[in-house]
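Trainee: I would like to go through this one with you, starting with how the helices pack. Could you take me through it?

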Amino acid sequence: MEKNELFTSVKPGKALAIMAIPTIISQVVILVYNLADIWFIGRTNDPYMIAASTLAATIFLAIVALANVFGVGGGSLMVRLLGEKRTEEARRVASYSVAMACISALVFSLLTLVFMEPMLRLLGASENTLLYGKQYALTTTVLGGVPTVLSMSMSQLLRNAGYAKESGFGVSFGSLLNVALDPIFMFCLLPQGYEVLGSGIATMVSNVCSLLYFIVKFRKLRDKTVLVIPVKLEKIGRENLRSLYSVGLPAACSVVLYDLVTIVTNRLTAQYGDISLAAMGIVLKLERIPVNVGLGVCLGMVPLVAYNYGAKNTERMKRISGIACAAIVTFSVVCVLLFRLFPKAIVSGFISNEETIAQGISFLQGRCLALPFVMVGYHVMNFMNAVNQGKISFVLAILRHIVLLIPIMVFMNEILGLTGLIWSQPIADLLNAGIAVMFYCAVIKEKRWGIAFWKKR
């Protein structure tokens, strides 16, 4: 099958499946890695190690934000240009995105090295968790920042070019390698007490290997696609530059704001002790099951929607979007049922500390109710990124995290304590989903405040 047929003539449901299934698999593998990471650390039965890795992972999440600027922003622009048959401009955008991903990652890694301890303190690290947090941040973010950002950005560019299977393989390869290396570094090569450091080293090594895979793949596909390994920083037109960052920065912002919410959640939870923080860390990982699957569908949807937006095939675009939304909401509802029916069996799989299990059950049963509404919000934001409506995506990100979620968390924590903190997310995401649907319908129907994007170039 020609890649052009995938974007233009293959039935919408089949095209989405071709793009989404490899992406879902890779996202599930990432999830397995994340769960395995905390599971291996949990084998120490040391809640301080779990708490420290949770805190340091928040810094690592900023790396994902950088990757989104150039992976989401550059990838979306690249495929829209391909839909408009502007191939040379698409090639320059791809080259620019890879080069800038490398430069920005290097700068962030150096900043993390200089300000590591203040950053961890700000996130809520105590004397019990600070050393472990430094070990994880040093390996994953300072030493591993550049290969992580490059591999993530190149994966998204490869997927947007229509090579979802190859992109998914690269992501899965890195994550599975990480799972395999975790016990080797944590329990075999390093002495007891250095398990968090071993986990960080495994993450760094696996991301380097993943990057090498994408470099080889880009070189093999250079004659078939617009993907290139840059030898210099390409110049792209002002309009394309604006378009890249108008989508990429909101996409990064959504990750940063998610990071900010995680910081606030950890800070509020830390008031109740390191045991509560460890339990919250486990639940945050479990929530990623439906989120990662939903993200896989949305990431598979984006290039299809973006290409057809560029080609002005609006009916096909809307059909693909609707199928994607129905799929992720259905899956998230199934996950809610499992989390509500079997919380103890699920949480106890990660740690045997009874107090941590008890708190984890309480956290999971309340927070999981937000998941279907989270999926609706994610779908709308990804759709806006695909159709060059980064401003709307940015507004929705600000609305969810700054206007709704953080204030409601703080307020309900003050009024109801830990119970209020748990139930704040379902309330905030219900409100956010309703507003997101209003934006989506307005844009689709081209209402006055929907910005009439069909007429934009």
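Mentor: Please keep in mind that this is a predicted model. A good place to begin is helix 6 (residues 130-143) and helix 9 (residues 195-220), which pack at an angle of about 10 degrees with their axes 8 Å apart.

Trainee: Are helix 6 and helix 9 roughly parallel or roughly antiparallel, then?

Mentor: Helix 6 is roughly parallel to helix 9, because an angle under 35 degrees counts as roughly parallel.

Trainee: Which residues in helix 6 and helix 9 meet?

Mentor: From helix 6, Tyr132, Gln135, Tyr136, Thr139, Thr140 and Leu143 take part. They meet Val196, Leu197, Ser199, Gly200, Ile201, Thr203 and Met204 in helix 9.

Trainee: And by class, what does the contact of helix 6 with helix 9 have?

Mentor: The contact has seven nonpolar residues, six polar residues and no charged residues.

Trainee: Let me pick out Val196. Is Val196 buried or exposed?

Mentor: Val196, which is found in helix 9, has a relative accessible area of 0% and is therefore buried.

Trainee: What does Val196 touch?

Mentor: Leaving aside residues up to four places away in sequence, Val196 touches Met49, Tyr132, Gln135 and Tyr136. As for a distance along the chain, Val329 is 133 residues from Val196, and their C-alpha atoms are separated by 35 Å.

Trainee: Back to helix 6. What about Thr141, buried or exposed?

Mentor: Thr141 has its place in helix 6 and is buried, with a relative accessible area of 0%. Not counting residues up to four places away in sequence, Thr141 touches Ile59, Phe60, Ile63, Phe108, Ser109, Thr112 and Tyr136.

Trainee: Moving on to helix 7. At what angle do the axes of helix 4 and helix 7 cross?

Mentor: The axes of helix 4 (residues 87-114) and helix 7 (residues 145-160) cross at roughly 155 degrees and come within 8 Å. The two helices are therefore roughly antiparallel to each other, and their crossing is right-handed.

Trainee: Which residues make that contact between helix 4 and helix 7?

Mentor: Helix 4 contributes Ala94, Ser97, Val98, Ala101, Cys102, Ala105, Leu106 and Ser109. Helix 7 contributes Gly145, Val146, Val149, Leu150, Ser153, Met154 and Leu157. By class, the contact of helix 4 with helix 7 has 11 nonpolar, four polar and no charged residues.

Trainee: How do helix 3 and helix 7 cross?

Mentor: The axes of helix 3 (residues 47-83) and helix 7 come within 8 Å and cross at roughly 30 degrees. Helix 3 and helix 7 are therefore roughly parallel to each other. Their crossing is right-handed, and the residues of the contact divide into 12 nonpolar, 10 polar and no charged.

Trainee: Changing topic to the cysteines. How many disulfides does the structure hold?

Mentor: The structure holds zero disulfides. For Cys209, the nearest cysteine sulfur is that of Cys102, 17 Å away.

Trainee: Why does Cys209 count as partly exposed?

Mentor: Cys209 counts as partly exposed because its relative accessibility is 25%, and the partly exposed class lies between 20% and 50%.

Trainee: And where is the nearest cysteine sulfur to Cys368?

Mentor: The nearest one belongs to Cys335, at 9.5 Å, and Cys368 is in no disulfide. Cys368 is buried, with a relative accessible area of 1%.

Methods:
Residues numbered from 1 in each chain as written. Predicted model: local features only at pLDDT ≥ 70, side-chain atom pairs only at ≥ 80, totals over all residues. Heavy atoms only, no water. Axes fitted to C-alpha atoms, helices over the stretch in contact; angles between N-to-C directions. Helix = DSSP H or I, 4+ residues; strand = E, 2+ residues; numbered from the N terminus. Parallel < 35°, antiparallel > 145°, perpendicular 65-115°, else oblique. Left-handed = near helix turned anticlockwise from the far one by under 90°. Contact = heavy atoms within 4.5 Å. Nonpolar A, V, L, I, M, F, W, Y, C, P; charged D, E, K, R; others polar. Disulfide = S-S within 2.5 Å. Buried < 20%, exposed > 50% of the residue type's maximum accessible area, 1.4 Å probe, protein only.
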